[in-house]
Amino acid sequence: MDLKAALEECSMALNLFLNNKFSEALELLRPWSKDSMYHALGYSTILVMQAAMTFEQQDIQMGISTMKEALQTCQRFRKRNTVVESLSNLVSKQSVDQLSEEEMHAEICYAECLLQKAALTFVQDENMINFIKGGLKIRTSYQIYKECHQVLQMTQGNKSKNETYHQFEGGVKLGIGAFNLMLSLLPGRILRLLEFIGFSGNRELGLHQLQEGASGSSLRAILCTFTLLVYHTYVSLILGTGDTNLEEADSLLEPYLQKFPNGSIILFYAARIDILKGNFEKAQLTFQECIAAQQEWKQIHHLCYWELMWCYTFQQNWLQAYRYADLLSKENRWSKAIYVFQKAAILCMLPEEDLKKTGEDIASLFRQVEGLKQRIAGKSIPTEKFAVRKARRYACSQPVKLILPALEMMYVWNGFAIVGKRVDLTENLLVTIEKEETALQNETNHNEYYMDDMCMLQLLKGLCLKHLGRLMQAELCFNQVIQSEKQIKYDSYLVPFTMYELGLLYKQQDEREKAVRYIETAKNNYKEYSMESRLHFRIHAALDSLKVSPASTP
């Protein structure tokens with residue numbers, strides 16, 4: 001099968017995939033997956049996506065072994081280099097002219113397979129050797145992309161630009177774009193390590209390459225689109241300051257909504273964008289459509305359950321939120337510890353009589369959390385570690401109940417930045433928080449967690465006030481946490497996170513120097529607290545957005 005025919009068939013498979021016909025797409029690609037690099041790449045990519053969604057060990061094994069085969073298939077089409085050539089590895093005009101079209105594509109497909117195999121390696125196994133192997137694969141992939149980018153620049157002027165050349169161009173834009181975007185998110189201390197081995201990231205370049213790739217007509221346009229959508233709808237929220245570019249997300253998704261109105265992945269993103277706009281009611285309907293659209297990949301339902309759980313949490317509809325947390329804890333494998341914690345945390349918010357109806361026992365749920373913790377690439381997941389630590393308050397026979405744990409978890413996932421778009425719901429949350437604050441103050445004998453709980457409430461209260469535009473009051477709440485630093489016994493994360501939030505508050509009021517000072521303090525003066533890396537990602541994004549543009553400095 002020649003390159004053109006292979007690309008056409010893979011395009012058909014992609015359309016099947018976007019129309020929820022997942023196994024049909026696989027069936028179309030399977031017969032040629034050992035003989036055509038694009039079939040090999042497409043087939044193994046779908047299996048890798050499946051593995052990432054199910055987290056089942058056998059799916060991960062299957063994904064890895066199919067990727068190995070795909071790499072071998074691509075390798076057969078790559079240019080045979082002599083040892084000397086591959087050592088110098090410099091792209092020269094002469095070597096580019098000698099590259100056949102097939103060899104150019106083989107490079108880009110090889111790099112793409114390598115990257116996915118590396119990602120699965122991280123998830124599959126705990127040991128450090130695999131971690132290093134994965135890192136080296138990523139590095140090789142990055143090098144190939146850089147060389148292909150040079151090839152692209154050297155051949156840009158060629159007259160013979162045909163359909164397959166545009167496909168190659170799409171592949172380069174996806175790789176260079178995704179790598180730059182990914183690396184630009186990393187906090188300085190991680191990036192310094194990586195720059196040492198030749199990585200460097202430029203966010204503007206990354207976004208630009210992906211936007212160009214997404215607007216093209218290549219097979220990889222949809223992958224560029226999905227990468228940008230993940231960035232705008234998730235990454236910039238969880239690892240960023242919460243400023244999302246929803247206009248761009250909308251315009252990226254629009255053509256696909258027209259073409260695949262029932263595509264579950266497309267519907268999922270449409271609903272997610274609505275959540276970020278604060279249109280929770282509309283999002284809830286779209287998620288239900290997404291769930292009804294297909295039954296084959298149950299994991300897409302689980303993604304919807306997670307989002308629906310938060311939607312109902314934002315609305316403080318605790319029984320519905322509980323329903324989805326319960327489904328997740330029973331059906332999904334990504335993070336049992338988080339689901340069980342989340343379920344117990346939501347139950348804590350229910351009035352006594354509603355809690356009785358569920359027949360659940362909060363204390364025994366919290367006691368299960370620790371045993372459910374998992375390790376990925378030899379490390380525990382920070383959010384799981386946080387949940388385990390919080391749940392320990394229920395370990396003894398006389399448990400000390402957690403205060404508004406569902407709202408604390410909402411903050412961990414940066415949910416206040418989302419619910420803050422809705423004045424009505426933010427005011428309702430403020431009422432809940434102040435009610436709890438009063439109850440806590442009125443307790444006659446304070447337990448050992450009193451100050452930690454009080455400070456956590458002040459942080460959440462400050463966030464609500466900030467989104468309601470009551471900035472002076474928000475500032476007072478944040479300062480109260482910072483001034484209580486010495487009295488906090490367990491939740492040491494509260495102080496650096498509050499410093500960061502106070503910095504953002506000053507940024508909002510255009511007090512840039514104060515903003516930078518507080519955010520830098522959060523970054524440099526605190527160590528060894530819960531979810532430290534998550535805060536460092538957010539700090540990196542915040543300082544990046546505070547950069548005084550060169551023009552304005554004297």
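Select Leu 205 first. Leaving aside residues up to four places away in sequence, Leu 205 touches Ile 176 and Asn 180. The model you are viewing is predicted. Leu 205 sits in helix 11, residues 203–215. Now measure from Leu 205 to Asn 180, C-alpha to C-alpha: they are 6.9 Å apart in space, yet 25 residues apart in sequence. Is Leu 205 buried or exposed? Neither label fits: Leu 205 is partly exposed, because its relative accessible area of 32% falls between the 20% and 50% cut-offs.

**Helices 2 and 3**

Go to residues 22–29, helix 2, and add residues 37–54, helix 3. Their axes come within 9 Å and cross at roughly 150°. An angle over 145 degrees counts as roughly antiparallel, so helix 2 and helix 3 are roughly antiparallel to each other. The crossing of helix 2 and helix 3 is left-handed.

Which residues meet here? From helix 2, pick Ala 25, Leu 26, Leu 28 and Leu 29. From helix 3, pick His 39, Gly 42, Tyr 43, Ile 46, Leu 47 and Gln 50. Color the contact of helix 2 with helix 3 by class: seven residues are nonpolar, three are polar and none is charged.

**The largest nonpolar core**

Next, select Tyr 38, Phe 341, Leu 407 and Phe 416. The largest nonpolar core has 195 residues, and these four touch the most other members. In soluble globular proteins, nonpolar side chains tend to be buried together.

Zoom in on Phe 341. Beyond residues up to four places away in sequence, Phe 341 touches Phe 366, Val 369, Ala 387, Lys 390, Ala 391, Leu 402 and Met 409.

**Helix 21**

Ala 387, Lys 390 and Ala 391 lead to the next stop: they are among the buried residues of helix 21. Select residues 382–391. Seven of the ten residues of helix 21 are buried, so helix 21 is largely enclosed by the rest of the structure. Thr 383, Glu 384, Phe 386 and Val 388 are also buried. What do the buried residues of helix 21 pack against? Show helix 18 (336–347), helix 20 (362–369), helix 22 (405–412) and helix 29 (532–546).

**Helices 22 and 25**

Keep helix 22 and add helix 25, residues 450–467. They pack at an angle of about 60°, with axes 11 Å apart. Helix 22 and helix 25 are therefore oblique to each other. Their crossing is left-handed.

Finish on the contact itself. Leu 407, Glu 408 and Tyr 411 in helix 22 meet Met 456, Leu 459, Leu 460 and Leu 463 in helix 25. The contact of helix 22 with helix 25 has six nonpolar residues, no polar ones and one charged.

Definitions and conventions
Residues are numbered from 1 along each chain as its sequence is written. This is a predicted model: local features need pLDDT of at least 70, side-chain atom pairs count only at pLDDT 80 or more; totals for chains, interfaces and linings use all residues. Side-chain values use heavy atoms; hydrogens and water are left out. Axes are lines fitted to C-alpha atoms, for helices over the stretch in contact, and angles run from 0 to 180 degrees between N-to-C directions. Helices (H or I, at least four residues) and strands (E, at least two) are DSSP runs, numbered from the N terminus. Angles under 35 degrees count as roughly parallel, over 145 as roughly antiparallel, 65 to 115 as roughly perpendicular and the rest as oblique. A crossing is left-handed if the near helix is turned anticlockwise from the far one by less than a right angle, and right-handed if clockwise. Contact means heavy atoms within 4.5 Å. Ala, Val, Leu, Ile, Met, Phe, Trp, Tyr, Cys and Pro count as nonpolar, Asp, Glu, Lys and Arg as charged, and the others, Gly among them, as polar. Buried means under 20% relative accessible area, exposed over 50%, partly exposed in between (1.4 Å probe, protein chains only). A nonpolar core is a set of buried Ala, Val, Leu, Ile, Met, Phe, Trp, Tyr and Cys residues joined through side-chain atoms within 4.5 Å.
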